[in-house]
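Q: I'd like to learn how to read a protein structure. Can we go through one together?

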Amino acid sequence: MDHFTYVDGRLRCEGVLVEAIAEAAGTPCYVYSRATLEDHYRRLAEAFAPLDPLICYSIKSCSNLAVCRVLAECGAGMDLVSGGELHRARLAGVDPAECVYAGAGKSDAEIRQALEASVGWLNVESEAEFENIASIAAAMSLPCRGALRVNPDVDPRTHRYTTTGKKETKFGVDLERAKAFFDTYGADEHCALRGIHVHLGSPIYSPEPYVQALEKIVRLIDELEAAGHPVEMLDIGGGFGADYETGQTPPAVDYARRIVPVLEDRVRKGLAVIIEPGRTITANAGVLLLRVLYVKRSGTRTFVICDGGMNTLLRPSHYQAFHFIWPCRVDPAHVPAARLRHMPGDYLETVDVVGPICESGDFLAEDRALPPVSRGDLLAVFSTGAYGMVMASRYNSMPLPAEIMVSGDQCTVVRRREGYDDLTAHELAPEPLTTVDHTVDQP
Ligand code: LLP
């Protein structure tokens, strides 16, 4: 599942001891394994090969340029949700034509930016947005291809906050409205509505919701084509799971085995398929390294207080997400045979792993069985490559951590650790308010 392994009780990322990385880069710090990124990409590409999909890596899961470049070199396009992500994709050397741009709230400046860059597909989320995109395309006299995001009302059985394909969410238009949408806008001369986009939510630990949704979508495509609306592209979204616990997620081939048969026939007839994986590529490709500052006993609880918390990794406090945590150096007898929520072993102590932030909600794990740790020990928080650094904040004026890319026995600092000057850089020289658009850098 990844290239983070213990050798003689010491955690390595590929060929490098993570203790050496923490020593040099300081903590907290995110460490990514290039080989893991490449493996995960390759597995998806091989599994879905019968559909010959364009794999648009979902930048939002881990937007570091070095990570984007690795995936661009693998041949990925990108799934974008902001002008900032388009900026990153271009810096990573990705052709905007190989990108899809989604998001329920694209600003006019972002739409202009996407059209100027000739982004492959704009995924359209509402009637109002379609009209806006079409009028901007008309004003700019630029070609524009749209894919309607359809909400198939399928429950992906995941966290409420990351469920997107059910009726009650803000995303896409309901399946029943899709035909009327195409009837109204399908012949628009400024934005060619030629695709369908669907994204159910994430993470989704079984192929079943995809199958349910895609069967509905294929029926919709038949109906649209019968009504004279050609559909050239189907974007099936992302959301494939990651191994937060060992074996939690079916391998890519298991998803593909169920999804491919639903679409194969359509693909043979010329339908192009896009997939938008994020975490299934990046989650297990990263760990977060933290230093234990103090171990504190309070009433019945033991707190392991670390130098990073909800500011560094928001997922546990925001989604009650599970991340396996283990010391980077252990007695070889205590090397974890698997990463599980409930680890066996009478040498383990039940603790709360928490950060330095001034909130009781600042935790990385509660009631967690860990080998005994003490001040100065280094902990690895596993499967944090996705939605880790990208959701980190400077809350409590904590500078953002460093990011390190490992490839074989080579380490590169791909984002330097921030310092105090970074905290205040945008505040030091107050300036008069002008009418310049500060919301986005115009390309
Ligand atoms: N496509 C669309 C339209 C999306 O909205 C998303 C994720 C993806 C693809 C990629 O999903 P993935 O393959 O990475 O699961 N912060 C949350 C996850 C939010 C996901 C938002 N959209 C978390 O930490 O779990």
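**Reading the core, the ligand site and the domains**

A: Sure. Start with the largest nonpolar core, which has 130 residues. Inside this core, the residues with the most contacts are Phe48, Tyr57, Met78, Ile196, Leu234, Leu263 and Leu289. Keep in mind that this is a predicted model.

Q: Which helix gives the most to this core?

A: To find out, you look at how many core residues each element supplies. Here the answer is helix H8, residues 208-226, with nine residues. You can also look at domains: the core draws at least three residues from each of domain 1 (4-30 + 283-423) and domain 2 (103-275).

Q: What does Met78 touch?

A: For contacts, look for heavy atoms within 4.5 Å. Leaving out residues up to four places away in sequence, Met78 touches Cys56, Tyr57, Ile59, Cys68, Leu71, Ala72, Ala89, Val94, Glu98, Cys99 and Val100. There's also a second, separate core of six residues, and Cys56, Val100, Trp121 and Met233 are among them.

Q: Let's move to the ligand. Which residues around it come nearest?

A: There are 18 residues around the ligand, and Gly239, Glu276, Arg315, Tyr319 and Tyr387 come nearest. Next, check the polar atoms. Arg315 has a polar side-chain atom 2.6 Å from an oxygen atom of the ligand. With Arg279, a polar backbone atom is the partner, 2.8 Å from a ligand oxygen atom. Asp79 puts a polar side-chain atom 3.3 Å from a nitrogen atom of the ligand.

Q: How much of the ligand does the protein bury?

A: Here you begin with the ligand taken alone, which exposes 590 Å². The protein buries 91% of that.

Q: How do I read a single helix? Which residues of H5 are buried?

A: Go along the helix and pick out the residues under 20% relative accessible area. In H5 (residues 108-116), these are Ala109, Glu110, Ile111, Gln113, Ala114 and Leu115. Then ask what lies over them: the cover includes helix H4 (83-91), strand E7 (99-101), strand E8 (121-124) and helix H6 (127-140).

Q: And what follows H5?

A: After H5 you reach Ser118, and its phi is positive, near 55°.

Q: Last one: how far apart are the C-alpha centres of domain 1 and domain 2?

A: Those centres lie 36 Å apart. For the other half of the picture, count who is in contact across the two domains: 14 residues of domain 1 are in contact with eight residues of domain 2.

How values were computed:
Residues numbered from 1 in each chain as written. Predicted model: local features only at pLDDT ≥ 70, side-chain atom pairs only at ≥ 80, totals over all residues. Heavy atoms only, no water. Core = buried A, V, L, I, M, F, W, Y, C linked by side-chain atoms within 4.5 Å. Buried < 20%, exposed > 50% of the residue type's maximum accessible area, 1.4 Å probe, protein only. Helix = DSSP H or I, 4+ residues; strand = E, 2+ residues; numbered from the N terminus. Domains from an automatic or database assignment. Near = heavy atom within 4 Å. Polar contact = N/O pair within 3.5 Å; in protein donor to acceptor, adjacent residues only side chain to side chain. Areas by Shrake-Rupley, 256 points an atom, 1.4 Å probe, with all protein chains shown as cover.
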